[in-house]
Amino acid sequence: MKVLILKKRRDFIRAAKGYKSIVSGLILQAAQSLSAPHKPLSDDICYIGYTATKKIGKAHLRNRAKRRLRAAAAKVFPQFARARTDYVLIARYNTVDIEFAALVENLRRALERVNADMAAHAAKAVS
RNA sequence: CACGGCAGCCGGAUAGCUGCGCGUCGGCUUUGCCCGACGUGAGGAAAGUCCGGGCUUCGGAGAGGCAAAACACCAGGUAACGUCUGGCGGGAGCAAUCCUAGGGAAAGUGCCACAGAAAACAAACCGCCGGAAUUUUCCGGUAAGGCUGAAAAGGCGAGGUAAGAGCUCACCGCAAAACCGGCAACGGUUUUGGCAGGGUAAACCCUGUUUGAUGCAAGACCAAGUUAGGAGAAUGCAAGUGCAGAGCUUGCUUUGCAGACUGCGUUGUAUGGAAUGCCUUUCUUCCGCUCCAGAGGUAGGUCGCGACGAGUUGUUUGGCGACAGACAACCCAGAUGAAUAGCUAUCGUUCUGCUUUGGCAGAAUACAGAACCCGGCUUAUAGGCUGCCUGAAAG
RNA sequence: GGUCCCAUCGUCUAAUGGUUAGGACAUCACCCUUUCACGGUGGUAAUAUGGGUUCGAGUCCCGUUGGGAUCA
């Protein structure tokens, strides 16, 4: 599973209106990918974007939060992510302070929950 | 010893595992958003965006004037500016040292609340003195004393006088001149004058100096796609309107002028318009010019954009210094939902507790993240190091 | 990344460089009423912050902090 970077504001807004899971340290949002120029789709590609608002702190703290999220995602996503999906990770007030192992575990559980919701919705649409 | 002063520096280290951006080179049984190797990868403030410049576009930023803004002791340094450097004057401190937007109020205008007799042409409330009057008061002299206030036509002492006064004198202050020192600001000495005159210019202002605007979302190129015009201005012609004149047929014709409207054209070399605060002007250039509406659309890619530079480091020369010169070596982040990291271990530093003085345990380890690039300023900053100086006490 | 603007009681606001920074709503106490509301009287409460100019600063000048707007 290849994980590519999500860049367009439009995709972030769509993910915010989709499925959501809140855990300690981060918020995970997800939505079905839409095809667009410069954004190819296939069965082994998903997209991920990171958000850290001014609530987190000054610039170096926001950078640090995004880095920890990126490191955690690198451990979890190749194994558990769904293809053809846009994911958005949002940093929370404790993203910088929480233990890294807990952050990874929370991300894994959030990802499982969101994937289950999306699978159930898809099955219902098919039936 | 000091919660005294100044100047400068550092801003944790090592190892392992897993990773990221960029560059170079290589690989091909997937020419890829692929794989591998090597190299390289945040700061003293990268921050605030407060000044100044490079660079960019506005046709060339040329000339003159106006407006607006900034600055204002002297000398120096710089690409330029500055709260830069060195001095001078003023202020604070026992001192080292620190602070200081510091031209002009003898060009003009304004303002100076309350209080006070009086707040700026000088005047005279109480008082003092002389005279008239003898009780209140009136006339004259005076500005030493008094209350007010941030500020009241120099301070203090002596002489002098009816009482007083730079009226006179000594000292201090002030002003002018001469001489001396200094590039200068200015300082010092001497002599003379005999008191000139309130404050405020970070109030208007005057004088001098400087400044065109823009700000990498600048700007250049490539690719793709959509659209509908209208109004105004200038000018030509035509018809109609108003005013004036002429003609006789007395309500028609004709001529001239006027500015607005309507219609049809034109905008060419002319007219006109434009060149970024406004006006004028010069050369050159461009074109129709100005305004309103409409369509598409939240925006792709490449360059600008990384080093040949006001470059970095070191040595050295000159200078009190800011800084300048010479020589040598080096090439050193370049992203764009944005890399420079995540985790672990050991050590270092500081603090606290215990202690067998060997250590052990715990906690803390700052401020903060490049986005075109430089020079300053300002603000944030755990902890630490170095040098010089001042004061006090003791030897 | 750049360019601009603003800041006065809890809220909305006023102010010529000159008394103790005024007013309305809100709030607190008291009065009125059987009680509540209305009404009346009185009180609490602010110049974002640090300097400078001035005799005197909310006002003038400089820095800082916080908030907001805008860009093709």
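How many nonpolar, polar and charged residues does the lining of the second largest pocket have, by class? The lining has five nonpolar, one polar and two charged residues. This is a predicted model. Chain A holds three helices and five strands. From the N terminus, its elements follow the order β-α-β-β-β-α-β-α.

**Chain overview**

- Chain A has 127 residues, and 39% of them are buried.
- The accessible surface of chain A comes to about 7600 Å². Carbon and sulfur atoms account for 54% of that surface.
- Take the contacts in chain A between residues at least 6 apart in sequence: 80% of these join residues at least 24 apart.

**Strand pairing: β1, β4 and β5**

- Strand β1 covers residues 2-5. It pairs with β4 in the parallel sense, over four bridges.
- Within that pairing, leucine 4 has tyrosine 47 of β4 as its bridge partner.
- Strand β4 spans residues 45-51 and is mostly covered. Six of its seven residues are buried.
- Strand β5 spans residues 85-91 and runs parallel to β4, with five bridges joining the two.
- Tyrosine 50 has its bridge partner in β5, namely leucine 89.
- Strand β4 therefore pairs with β1 over four bridges and with β5 over five, since two strands count as paired if there are at least two bridges between them.

**Strand pairing: β2, β3 and β5**

- Strand β2 is made up of residues 19-23. Five bridges join β2 to β3, and the two run antiparallel.
- Lysine 20 stands opposite glutamine 29 in β3.
- The hairpin of β2 and β3 has two residues between the strands. In this hairpin, glycine 25 takes a positive phi near 105°.
- Strand β3, residues 26-32, is mostly covered, with six of its seven residues buried.
- Strand β3 also runs antiparallel to β5, joined by seven bridges.
- Alanine 30 has tyrosine 87 of β5 as its bridge partner.
- Strand β5 thus has links to β3 and to β4.

**Second largest pocket**

- This pocket has a volume of about 160 Å³.
- Its lining consists of Ile27, Thr53, Lys55, Ile56, Ile90, Ala91, Arg92 and Tyr93.
- Lys55 and Arg92 are the two charged residues of the lining, because Lys and Arg count as charged.
- Thr53 is the one polar residue there, because Thr is in neither the nonpolar nor the charged class.

**Tyrosine 93**

- Tyrosine 93 lies in the loop between β5 and α3 (100-126). It is also one of the residues lining the second largest pocket.
- Why does tyrosine 93 count as exposed? Its relative accessibility is 65%, and exposed means over 50%.
- Tyrosine 93 and glycine 25 are 68 residues apart in sequence. In space, C-alpha to C-alpha, they are 7.3 Å apart.
- Glycine 25 is the hairpin residue with the positive phi near 105°.

**Arginine 14**

- Arginine 14 is found in helix α1, residues 9-16.
- Is arginine 14 buried, partly exposed or exposed? Its relative accessible area is 24%, so it is partly exposed. Partly exposed lies between the buried class, under 20%, and the exposed class, over 50%.
- Arginine 14 and leucine 69 are 55 residues apart in sequence. Their C-alpha atoms are 20 Å apart in space.

Technical notes. Residues are numbered from 1 along each chain as its sequence is written. Chains are lettered from A and ligands numbered from 1 in the order in which they are written. This is a predicted model: local features need pLDDT of at least 70, side-chain atom pairs count only at pLDDT 80 or more; totals for chains, interfaces and linings use all residues. Side-chain values use heavy atoms; hydrogens and water are left out. Buried means under 20% relative accessible area, exposed over 50%, partly exposed in between (1.4 Å probe, protein chains only). Contact means heavy atoms within 4.5 Å. Accessible areas come from the Shrake-Rupley method with a 1.4 Å probe; for residues, only the protein chains shown count as cover. On a 1 Å grid over the protein atoms alone, a cavity is a set of points where a 1.4 Å probe fits but cannot get out, and a pocket is an open set with protein on both sides within 12 Å along at least five of seven lines; lining residues have an atom within 4 Å of a point. Grid points are joined across faces, edges and corners, and a volume is the space filled by probe spheres set on the points.
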